[in-house]
Amino acid sequence: MASLLTSNGTRSIEDLLGTDELQRAFQYFECHVDEINDEHIRICSIPAPPFGEKPRAEFLCSTFAEIGLTDAHLDDEGNCLAFRGGNAQSPLIVVSAHLDTVFPIETDFTVHRFGGKLLAPGISDDGCGLAALIALARSLERAKIETEGSIMFVGTVGEEGEGNLRGVRHLLTAGEWANRIDAFVSLDGPGIDRITNAALGSRRYRVSIRGTGGHSWGDFGMANPVHGLGRAISKLASYPAPREPRTTFNVGRIEGGTGINTIACKAVMDVDLRSVSEDELLRLDAFFRRAVREAVDDENAGRRKGDRPLELSVKLLGERPSGETPPRSSIVKLAQEATGALGFTARLDRSSTDANIPISLGIPAITLGAGGTSGSSHTIDEWYDPSGRDLGLKRALLVLLGMVGLRSDRTGNTGAEGNSKIP
């Protein structure tokens with residue numbers, strides 16, 4: 001993998017802020033608020049349910065091409081990729097946002113305005129990230145900024161839920177640019193102070209229990225899939241999850257049965273397991289799988305003689321690796337300094353985002369908020385307030401240019417000082 005250009009810390013940020021190019025880009029964010037909001041509304045009005053992101057991806061690709069980025073296309077997994085070349089291909093920095101929402105295709109994605117807020121499912125997560133990608137690309141073109149390294153703009157598929165980070169997995173492990181990407185910045189949700197440098201690991205399962213089914217009175221004593229599921233939930237609830245390292249479990253969905261007086265033929269639950277520690281996640285995972293098997297065995301043990309036993313299926317829906325881009329890493333330091341330069345105190349945190357995959361592969365990666373504020377995420381009442389969006393865009397631009405460097409090096413130090421490895 002090619003080396004990442006080093007950043008010279010605060011001086012690099014100060015040098016960038018002193019250039020005419022950057023100030024022109026900043027003016028774009030400040031003077032085109034309505035244009036950015038309108039672009040945000042357009043992209044969020046296009047449905048992008050799980051595994052149905054193509055129309056939104058095609059819109060993003062056509063927008064990138066119209067802006068002037070090169071080779072805008074959909075890859076084999078459905079990600080939208082567009083390239084902005086610099087003086088050299090290396091370092092190559094990805095800036096991304098995810099295309100998908102958590103909402104099904106029948107959801108009404110119409111964006112409404114209420115006061116200064118925008119209201120729609122997915123308007124913040126990750127509509128504001130996608131709007132940021134477009135705004136960043138436009139600012140670079142309109143300010144005529146030339147860079148030493150290159151930037152790839154990516155709209156990823158499959159970040160949410162059962163998507164299991166499939167888009168970024170493909171990009172970094174099987175796609176045409178695999179092993180050629182030097183750093184990764186994800187724009188996900190609002191905010192200006194948050195820097196996600198640590199990946200929250202998780203495993204997600206679908207547990208299905210099948211049986212013969214019958215009448216609640218006449219077939220009483222038959223092994224009951226719902227009862228088996230209840231036993232499993234009870235066992236899981238007894239797990240002594242530690243506060244440190246923080247570890248959680250959740251049964252997020254449960255279904256089964258056809259009526260109050262029937263013994264169900266099938267019961268299903270979806271389970272989410274998380275921990276900041278990979279070792280603790282493995283312990284919780286082993287406990288969960290053992291608890292489910294024991295629960296079904298216990299239910300089968302009490303069934304009537306001659307009845308068929310329950311059948312168990314445990315399907316892994318998703319596995320997200322944990323890890324961390326160290327706080328001492330140049331990309332984290334650069335983001336902290338950019339945040340401070342805009343008058344805010346940086347806050348490092350841990351979350352589950354597209355950055356999980358590059359972090360697990362040893363690629364320097366962070367996730368940044370795209371400015372503004374939001375609430376009611378992952379509900380149909382989700383809202384986004386674009387007030388202060390420009391600050392998030394300015395921070396993201398500072399981080400990108402701090403890593404790839406300005407081609408017109410007016411100060412002699414804009415973060416492009418040869419090909420030395422990131423610490």
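The legends below describe close-up views of a predicted model.

**View 1. The largest nonpolar core, with Phe64 and Phe153 among its residues.**
In this predicted model, the largest nonpolar core is made up of 64 residues, and the residues with the most contacts inside this core are Phe64 and Phe153. When neighbours within four places in sequence are left aside, Phe153 is in contact with Phe64, Leu69, Cys80, Leu81, Ala82, Arg84, Val95, Leu133, Leu136, Ala137 and Leu140. A second core, separate from this one, has 21 residues, including Ala223, Ala267, Leu273 and Phe288.

**View 2. The crossing of helix α7 and helix α8.**
Helix α7 covers residues 225-237 and helix α8 covers residues 278-301; their axes come within 8 Å and cross at roughly 145°, and the crossing is right-handed. On the side of α7, the contact is made by His227, Gly228, Arg231, Ala232, Lys235 and Leu236, while α8 contributes Leu284, Phe287, Phe288, Ala291, Val292, Glu294, Ala295, Asp298 and Glu299. Sorted by character, the residues of this contact are eight nonpolar, two polar and five charged.

**View 3. The aromatic pair of Phe103 and Phe109.**
The structure holds seven aromatic pairs, and one of them, formed by Phe103 and Phe109, is shown here. A pair of aromatic rings is described by the distance of the centres and the angle of the planes. For Phe103 and Phe109 the distance is 6.5 Å centre to centre and the angle between the planes is 80°, an arrangement that is edge-to-face. Phe103 counts as buried because its relative accessibility is 7%, where buried means under 20%, and Phe109, at 3% relative accessibility, counts as buried as well.

**View 4. The aromatic pair of Tyr205 and Phe288.**
The rings of Tyr205 and Phe288 form a tilted pair, with 5.1 Å centre to centre and 40° between the planes. Tyr205 lies in strand β9, residues 201-210, whereas Phe288 lies in helix α8, so this pair ties together parts that are 83 residues apart in sequence. With a relative accessibility of 6%, Tyr205 counts as buried, and Phe288 counts as buried at 1%. Phe288 also appears in two of the earlier views, as a residue of the second core and as part of the contact that α8 makes with α7.

**View 5. An aromatic cluster that includes Phe287.**
Tyr239, Phe249 and Phe287 together form one aromatic cluster. Phe287 is also among the residues of α8 that make the contact with α7.

Note on methods: Residues numbered from 1 in each chain as written. Predicted model: local features only at pLDDT ≥ 70, side-chain atom pairs only at ≥ 80, totals over all residues. Heavy atoms only, no water. Core = buried A, V, L, I, M, F, W, Y, C linked by side-chain atoms within 4.5 Å. Buried < 20%, exposed > 50% of the residue type's maximum accessible area, 1.4 Å probe, protein only. Contact = heavy atoms within 4.5 Å. Axes fitted to C-alpha atoms, helices over the stretch in contact; angles between N-to-C directions. Helix = DSSP H or I, 4+ residues; strand = E, 2+ residues; numbered from the N terminus. Left-handed = near helix turned anticlockwise from the far one by under 90°. Nonpolar A, V, L, I, M, F, W, Y, C, P; charged D, E, K, R; others polar. Phe/Tyr/Trp six-rings, centres within 6.5 Å; stacked < 30°, edge-to-face > 60°.
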